[in-house]
Every structure is written in C-alpha cells, then in structure tokens.
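Here's a quick briefing to read with the structure open beside you. Take a look at the model, then go through the notes by topic.

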Amino acid sequence: MKSAELYAAKRTTPAEAVAAIAEGETVSAGMAIGQPPALLAALGQRLRTDDLSSIRFYYKIGMQPISEALLVKGVREKIDPHCFFLSSTEHQIIKDQTQSGHKVMSFVPVHFSDLPRLFREVIDLDTFLVTVSPMDRGGYFSLGTNNDFASTAARHCKRLIVEVNENMPRVFGQSQIHISEVTSIVENTVPLIEAGVAETSEAGRAIGALISPLVPNGATIQLGIGRVPSGVAEALSNHEDLGIHTELFSPSMADLIRKGVINGSKKTLHPFKHVFTVAFGTEDSYAFMNDNAAFESYPSSYVNDIRVISQHDNFISINTAIEVDLYGQVNAEFIGEHEYSGSGGQYDFVKGASLSKGGKSIIALQSTARQRTLSTIVPRVAMVTDPRMDVEYICTEQGIVNLRGKSTKERAEALISIAHPDFRDELTAAAKRVTLI
C-alpha cells in the first residue's frame, strides 16, 4: 500500500485514536513542544467521564497540554503520574501533596542520557502519543523539536499515535518516523508552545563577560536557556567558528547562527551540523529549523552520551544551578525538602566536557536568589546533582574559579571569594565551624 493510502487508512479523530487505550495501560507522551494537545485532551476527557479510570503515565515536564488535560485535580489521581523533570505544575502538586499528606505524583530520577534506555529496557510501554510534522513524499514524519526519548519510545511501544501539526518543523538526523510504524494519525494544526526569549539580566551579562574568554574560537558548545545562558550567548557574539552539540537548542543559539558566530566548521563530530535533542524557543526559531539541512536531532542517549561529548575537541559545557556548596558540590534540582526540577542532562555534559581534549565544564549562576535574600553559595547543598570530583569552573557575577585539583580548604576559600559580599562572613564562619578552613 502506498504511503498516502496508509495515511488515509490510519487517519482518525482524537477521540477514536485514544479509545483503544485500555484500563491499566502504561502510557507516555512527548516532551515539551512534542506534547500533542488534541490527543491529550481526548485522553483527559475519557478519564473525566470515567470511561477510563486507571492508567500509569510517564512524562517529562508538564506543559499546558499535559497539565490541563491530565494533571488537574480529579484526573491526576487516575493516571499515577511518573515525572522525569518537574515544572511549575508539579511544584503545585507537591504543595498539595504536602498539605493533604496524600501522594499523587512520583518523580523518577534519571540522567537524560539514560531516559531512552528506560523505554527500551524497563518501561513496558503500551501507548505513546506525540506531535509530528506533516508526512513527506517518502512516507516519513519528523519529530521536529523533540527527539529526546520520543524516537525510542515511538519504536518500543505497542501503539504509536501521532498528532500531525503543520507548524512542527521538519528536522533531519534521526528524527524520522515512517508511516508504517504508526498506529493512528490525527491532524491538529495549532501554534507550537513558545518559551520566549529570556531577557538577559545584569548579572547574566557580567557572568557572560567572565566566561567568554574561556571559550576559544572553534569550540563546540552546550548551553542552556534562561537569563544567565542568554548573557553568555550575548558575550559570544564576537567569536568565530563555534559549533553546537547541545541538549537544548534555544533562540539565543539561532541568533548566533544568523550572525555567523556558529557554523560548525571546526567540530570534531558532525562538522557543519547543529546537533541537538530538544528545541525550545519561538515561532521564529522553529521556522528557522524547518527543512534546514544544517540541523540534526538525535536521541538523548546519543547527544548526551559522555563518550560522544568527550570525542569533541574543545568542548565547552555551560550550565546553571540552584546552589553550590563549599565542597564544590552542585545542586541543580532541589529546593528545601523537595525536588524542584530534575538532574536532566547536566551531569552528562559536566562529565563529558571535562573529558574532552581542551574541554571545560562551567557552572554559572547568580550569587544570590529571592531578591538577594539568599546566597547561592551555601555550606552544604540540599541534593547533589554534580559530584565535587567532576566539577570544574564555577562562575557568578562576582568572579570565576576553577576547582579542579584544589583541596577542600582551597575550594571553600575560592567559592567564598565569588559569593555575594553580603554573605561571605557567614560562609567563612560556617567553614570554620567544621574546620574546612
């Protein structure tokens, strides 16, 4: 049967597509921009009307399509939510759990590099729901903004249901799903979720100015999203021949490509290609990716693989954190007694960059939080995302230090020197109490 005929045979409505999901099944959906709103709304409707009363649901980041359809009270209790990375929706659920004493949501700790492996070897996935680009003449859809675990889950589920959105960019690499692999198709062209462009903060600009000299021309970079990463990207505007091998592709990276700063010409692997596993941005950056042969997406098991990252010469990884302690331990996921985000792929790049020839791993964060009432340099972190043995450069707007090879005393002194001046005395006193200095 020809691709067009298969497409017509498999095309259906959202309600009909999710009608096959049975009681007790394990279901997952695409991450972030890849979350299919029509399919998730139809699944949520089944749960609201008790047509379906119990499933197990795995997901990463509860964006609007998931949060409105499945994570509202009265529905989330029926889906046994298992989350790989938390957002504001999950923060509220945690508050509700704490107040009621009744646990609803479970967090699954996992490095982003290992997430596809869970869908290959651990999770017995019945149904996977994901947004894709329109089918091409060869019968292939593209996962567009989201390869991450989606390309693996799509091939290790019993039922693959796709939502075709004409706004989803077509991306090359290993992003293609053939019509023969798909169980059902629905069509729903709506605007893609936009992250917007993070406005660079004053501290972000100061941090960018400190980090920029550490990035040689021709380096391959990994950069996150937010005010501090935006400041770093801004500071790289005069660099030359940079390359991208990144977990997250952002609008600031698109700007550097347009300026000619990023061209990938010096990359050790995939020269001239912009390699990523997730894109989160704006309508403009999504359009920039569409049918652009320079963009290639791969599963996070490849992009975030320490062995792959380390093969790049001069790999510069720049991540942010919630807090860093005087021992050099980095917490990028916990606030107080509760999970706030997740480890994501941070450690993958911290370790991979440190093993790269000429590579550097940099953690960049503002020296204070909550309107300067808290220091982000602390005596001890709440949870360790990056162990002290692997942490190298730490940068705040107060300065930058390299912890590699430093003793615990030297580390503490170095980190106190880049803490905000308002907190240095109490950090020094805390270090002295435990004879760290």
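Glu333 is buried (under 20% relative accessible area with a 1.4 Å probe, protein chains only) and yet has no salt bridge, meaning a side-chain nitrogen of Lys or Arg within 4 Å of a carboxyl oxygen of Asp or Glu. The nearest side chain of opposite charge, Lys60, is 11 Å away; Lys and Arg count as positive, Asp and Glu as negative, with His and the chain ends not counted.

This is a predicted model, where local features need pLDDT of at least 70 and side-chain atom pairs count only at pLDDT 80 or more, while totals for chains, interfaces and linings use all residues. Residues are numbered from 1 along each chain as its sequence is written, and side-chain values use heavy atoms, leaving out hydrogens and water.

**Around Glu333**
- Glu333 is in the loop between β17 (330-331) and β18 (334-335); strands are DSSP runs of E, at least two residues, and helices are runs of H or I, at least four, numbered from the N terminus.
- Beyond four places in sequence, its contacts (heavy atoms within 4.5 Å) include His338, Tyr340 and Met383.

**Helix α8 (202-211)**
- Ala203, Gly204, Ile207, Gly208 and Ile211 of α8 are buried.
- They sit on the same side of α8 because they cover an arc of only 140° around the axis, judged by the directions from the helix axis to the C-beta atoms.
- Glu202 and Ala209, on the other side of α8, are exposed (over 50%).
- The packing partners of the buried α8 residues include α9 (227-235) and β15 (315-319).
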